[in-house]
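Student: Please take a close look at a single part of this model, the surroundings of the ligand, and follow the elements there to their neighbours.

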Amino acid sequence: MANQSEFDYIVIGSGATGSVVANRLSRNPNTTVLVLEAGGFDHNPNIPDIGGFVKLWGSEFDWLFTTEVQPGMADRQISMNQGKVLGGSTSINAMMYVRGNPGNFDQWSKLGATGWDYESVLPYFKKLEDFEGGASQYHGAGGEITVRDCPDAVMRSPEFLVAATEVGYDGPDWDYNGARQENGAGFLQFHIDPAGNRVSGATAFLTPLLETRPNLTVKTRSAATRVILEGKKAVGVEYMHLGKLHKVKAKHEVIISAGALQSPKLLMLSGIGPAAHLQEHDIPVVVDLPGVGQNLQDHLQLPIVYQTKTTRPNTTLLTGNVLFVNTRSDRPNDPPDLQLNFTPSVPEPLAPILNFGVPVCIFLAILVQPQSIGEIRLRSKDPAAAPIIDPRYLSDPADVQVLIDAIALARKIAQAPAFDPLNAGEILPGEAAAEAFVRSQASTLWHPAGTCKMGQDEMAVVDPQLRVRGVTGLRVADASVMPTVTSGNTVAACFMIGEKLADMIISG
Ligand SMILES: Cc1cc2nc3c(=O)[nH]c(=O)nc-3n(C[C@H](O)[C@H](O)[C@H](O)COP(=O)(O)OP(=O)(O)OC[C@H]3O[C@@H](n4cnc5c(N)ncnc54)[C@H](O)[C@@H]3O)c2cc1C
């Protein structure tokens with residue numbers, strides 16, 4: 001198969017979404033599928049090791065993008081790690097498994113993503129999942145993605161969870177992937193297998209099949225440079241492998257799953273995007289689609305640090321306890337805008353950079369319904385150039401307010417009786433002015449989304465079947481198609497998008 005020049009389907013990118021799409025489409029032995037992945041194989045001991053991924057930042061497994069200067073973030077440029085390896089960001093992520101709020105998907109549907117309401121997507125989440133608690137109305141069993149309550153014993157914190165109940169939330173054993181996400185405190189769930197190894201898109205959906213499915217071909221170190229179009233029909237892909245340009249034909253479809261930062265880049269390099277911007281770069285316009293690269297949304301994280309009364313062992317995972325809340329009392333039925341994670345000591349992977357000289361615990365506030373919207377643009381028409389990433393973080397004052405409210409909530413929980421065994425006083429933000437602290441200390445949680453949004457309005461890039469508008473034979477499937485980012489870590493929704501797309505293609 002290695003030199004085959006035509007496949008039924010070509011999937012660009014082997015991350016959360018592309019891995020599922022390739023797996024499901026190649027179930028039919030008569031369907032040939034090629035996966036093009038810019039990164040290499042996932043042969044590195046820090047990938048399966050659930051404490052190891054931080055060591056991969058800045059390595060060959062990381063695209064290590066950087067944002068433009070962010071005026072809302074004290075004029076900082078923010079490092080944006082993204083997986084460049086088989087499995088994509090699922091091979092270097094922190095493995096938290098959060099589906100998002102049912103209201104997120106119902107909102108997608110209201111915004112024009114017909115068929116993506118919660119009731120419609122829940123079966124796809126369940127199909128993928130092997131939940132350690134077994135199958136139920138809200139959980140799946142027998143799927144490829146093992147989902148477990150926080151497996152790091154040191155991480156589990158009754159102090160935080162019970163304190164959250166003392167200030168009025170449900171818990172302390174809340175299943176936020178169950179009937180209700182918000183207003184309950186419980187353990188975070190993780191995509192980690194029973195042996196304690198990372199479950200990635202690659203380990204779950206691709207590598208086990210490489211020997212057994214001759215109709216599935218995975219080419220690593222193969223970076224797509226553009227989609228080949230005949231008129232307005234996608235007929236193949238041009239890609240760079242070991243310094244040489246290759247072409248491969250797609251008999252049926254090309255599916256771009258290169259992630260929210262690079263799928264819009266690839267569309268634009270192929271002549272699909274805002275006409276004036278393409279012309280700036282001398283790229284012939286095939287379809288003027290003004291929404292390509294727009295609508296960039298991302299989650300921000302903010303550490304709130306307390307000194308603890310005793311020294312506890314470092315944790316293996318970054319975090320493990322969580323509470324989802326909606327800080328906006330005027331819109332109580334909206335999806336949560338704040339995810340408050342908690343770590344009772346220092347995560348081992350971050351120990352070298354988190355040295356306060358005293359024992360500490362960490363609340364991690366995460367802005368999960370950002371109102372600040374940014375964009376991706378081309379820096380150049382050279383496919384090897386990184387895109388311009390401008391999230392416009394904290395440009396909407398409402399986002400700053402959510403993180404200020406998060407500081408107040410962490411303080412309230414820290415004052416509750418159950419937290420007393422830990423609480424030896426606040427270190428961060430301490431006396432710092434709240435807004436200045438937020439703007440100078442927040443950073444990305446690496447969840448870019450929304451840059452090829454699904455919908456039916458003029459800024460939509462794909463329709464609800466994820467077909468690129470104005471072109472045939474071309475779809476986008478990954479975090480970029482989310483009309484709005486979900487309330488929680490994004491990987492579960494990306495797996496689901498892949499599962500649902502494959503079903504739409506297979507069922508015609
Ligand atoms: C450091 C980090 C920590 C994270 N922690 C969590 C977490 O704990 N929980 C969670 O839910 N989410 C987490 N995420 C986010 C989550 O992993 C992503 O939302 C998800 O993987 C996105 O899926 P995707 O399919 O859109 O893209 P990705 O999984 O990023 O896959 C895109 C793939 O496309 C490839 N690619 C790009 N361009 C090309 C090209 N031109 N040709 C060929 N291949 C290309 C990339 O190399 C990559 O393999 C984290 C992400 C990072 C980076």
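**Ligand shell and a helix contact**

Tutor: In this predicted model, helix α3, residues 118-128, packs against α10 at an angle of about 105°, and their axes are 9 Å apart. Angles of 65 to 115 degrees count as roughly perpendicular, so α3 and α10 are roughly perpendicular to each other. On the α3 side the contact is made by Val-121, Tyr-124, Phe-125, Lys-127 and Leu-128. Ala-492, Phe-495, Met-496, Glu-499 and Lys-500 make it on the α10 side. By class, the residues of this contact comprise seven nonpolar and three charged, with no polar ones.

Helix α10, residues 491-506, also leads to the ligand: α10, α1 (16-25) and β10 (222-230) each supply at least two residues of the shell around the ligand. That shell consists of 41 residues, and the closest to the ligand are Gly-13, Gly-15, Gly-88, Asp-478 and Asn-489. Its composition is 19 nonpolar, 19 polar and three charged residues.

A further site to inspect is Pro-344, placed in the loop between β17 (338-343) and β18 (360-367). Pro-344 has 25 other C-beta atoms within 10 Å; a residue is buried at 20 or more, so Pro-344 is buried. Leaving out residues up to four places away in sequence, Pro-344 touches Met-155, Ser-157, Glu-159, Arg-312, Cys-361 and Leu-422. Thr-311 is 33 residues from Pro-344 along the chain, and the C-alpha atoms of the two are separated by 9.9 Å.

Technical notes:
Residues numbered from 1 in each chain as written. Predicted model: local features only at pLDDT ≥ 70, side-chain atom pairs only at ≥ 80, totals over all residues. Near = placed C-beta within 6 Å. Helix = DSSP H or I, 4+ residues; strand = E, 2+ residues; numbered from the N terminus. Nonpolar A, V, L, I, M, F, W, Y, C, P; charged D, E, K, R; others polar. Axes fitted to C-alpha atoms, helices over the stretch in contact; angles between N-to-C directions. Parallel < 35°, antiparallel > 145°, perpendicular 65-115°, else oblique. Contact = placed C-beta atoms within 7 Å. Buried ≥ 20, exposed ≤ 12 C-beta atoms within 10 Å, placed from the backbone.
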